[in-house]
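Let's take a friendly walk through a structure together. Have the sequence and the 3D view open, and turn the view whenever a residue is named.

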There are 2 protein chains.
Amino acid sequence: MPNHLTKPLAALADPTRRQVFEALATAPMAVGTLAQHFPVSRPAISQHLKVLSDAGLVTVTKQGTRNIYCAEPDGLADLRAYLDGLWQDVLTSFGEAVEQDMKHA
Amino acid sequence: MPNHLTKPLAALADPTRRQVFEALATAPMAVGTLAQHFPVSRPAISQHLKVLSDAGLVTVTKQGTRNIYCAEPDGLADLRAYLDGLWQDVLTSFGEAVEQDMKHA
DNA sequence: TTAGATGGTTAGGCATGACTTACGGTAAGT
DNA sequence: ACTTACCGTAAGTCATGCCTAACCATCTAA
């Protein structure tokens, strides 16, 4: 029951917030520059960035007045590891189901 | 902008619903049997299963009065593929950042 | 110092989500 | 046919989430 994945999953569940992260995954960007690419206001982007930051998916570095946000690989690594574990469970579960069908035949 | 991932991500974002899916990933189960493993009511589990079903993460097969829910590999495969793509983007973005630092040195 | 640019924070409204209780509907056993 | 078991759905409540508008703080440039 790895509960530390709730924040990252909830963060990527929102469409606009997921797009924000996708943009940051391509290249680091400032808040204003980021907000220009989306139809929502800048405070909304700022809140999304806070959610992504609390989820461990992005990091910030101050450059004068600009805050440059950057994607954090470790956050994604945890998600990938979790899904890989689930994937193995599902596959073995399917294998056992097939085995059951064999005995029925 | 793959928007078909919103439902699966939102489905796995909820803690109890994620635990439900984890249980189904281990082995198929009926609704009542599943509800006994959680502190919430059976209708709540039923609603969670509907969300997971709409997200393409589980499938149902009727056995008399019992509805057996089973994890669906294809749904997980899409999520894994999406995260793998993001992972590649983040890595190349990091590589370019290091390259920039090289030129500064 | 003054003016402009950049961005985090708050308050409020509107929608969505998770849960419980109560009900209806279907299949199996007597 | 009657009862029991199993499950989905509807209505209602309480909490949370996303958004905008407005305000405030900080850094830079003239």
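Which residue forms a salt bridge with Lys50(A)? The partner is Asp54(A), and the closest N and O atoms of this pair are 3.8 Å apart. Find the pair in helix H4 of chain A: the two residues are 4 apart there, so about one helical turn separates them. Side chains of opposite charge can pair when their charged atoms come close. Over all chains, the structure holds 4 salt bridges. Please keep in mind throughout that this is a predicted model.

Now let's move to the place where the two protein chains meet. In chain A, 35 residues are in contact with chain B, and 35 residues of chain B take part in return. How much area do chain A and chain B bury between them? The value is about 3,100 Å², with 69% of it on carbon and sulfur atoms. If you look at the side of chain A, the residues that lose the most area to chain B are Arg80(A), Leu83(A) and Trp87(A), which together make up 19% of what that side buries. The size of an interface is often given as the accessible area lost when the parts come together.

Charged and polar groups also meet across this interface. The rule finds 2 salt bridges between chain A and chain B. In a salt bridge between the chains, the side chain of Arg80(B) meets that of Asp84(A), at 2.5 Å from N to O. Counting polar contacts across the interface gives 8 residue pairs. Which parts of chain A supply at least two residues each to the side that touches chain B? They are helix H1 (6-13), helix H2 (15-26), strand E3 (66-71) and helix H5 (73-104). Of these, H5(A) gives the most, with 14 residues. Sorted by kind, the residues on this side of chain A are 25 nonpolar, 5 polar and 5 charged.

Next, compare the two chains as copies. Chain A can be superposed on chain B by a rotation of 180° with 0.0 Å of shift along the axis, and the RMSD is 0.0 Å. The two copies are therefore related as by a two-fold rotation axis. Both copies use the same surface, since 100% of the contact residues of chain A recur in chain B.

With the protein pair in mind, turn to DNA strand D. Around this strand there are 23 residues, and those that come nearest are Arg17(A), Ser41(A), His48(A), Ser46(B) and Tyr69(B). Of the atoms of DNA strand D within 4 Å of the protein, 63% belong to sugar and phosphate. Some individual contacts are worth finding in the view. The side chain of Ser41(A) has an N or O atom 2.7 Å from a phosphate oxygen of DNA strand D. Asn67(B) places a polar side-chain atom 3.2 Å from a phosphate oxygen of this strand. With Val31(B), it is a backbone N or O atom that lies 3.2 Å from a phosphate oxygen of DNA strand D. Which element gives the most residues to the surface near DNA strand D? That is H4(B), with 5 residues. The whole surface near this strand divides into 7 nonpolar, 11 polar and 5 charged residues.

Finally, look at DNA strand C. It is surrounded by 22 residues, and the closest are Gly32(A), Ser46(A), Arg17(B), Ser41(B) and His48(B). Sugar and phosphate make up 62% of the atoms of DNA strand C that come within 4 Å of the protein. From chain A, the side chain of Ser46(A) has an N or O atom 2.6 Å from a phosphate oxygen of DNA strand C, and for the side chain of Asn67(A) the distance is 2.8 Å. From chain B, the side chain of Ser41(B) has an N or O atom 2.6 Å from a phosphate oxygen of the strand. How do the residues near DNA strand C divide by kind? There are 7 nonpolar, 11 polar and 4 charged residues on that surface.

Terms used: Residues numbered from 1 in each chain as written. Chains lettered and ligands numbered in written order. Predicted model: local features only at pLDDT ≥ 70, side-chain atom pairs only at ≥ 80, totals over all residues. Heavy atoms only, no water. Contact = heavy atoms within 4.5 Å. Buried area = accessible area lost by both parts, 1.4 Å probe. Polar contact = N/O pair within 3.5 Å; in protein donor to acceptor, adjacent residues only side chain to side chain. Nonpolar A, V, L, I, M, F, W, Y, C, P; charged D, E, K, R; others polar. Least-squares fit on C-alpha atoms with pLDDT ≥ 70 in both. Near = heavy atom within 4 Å.
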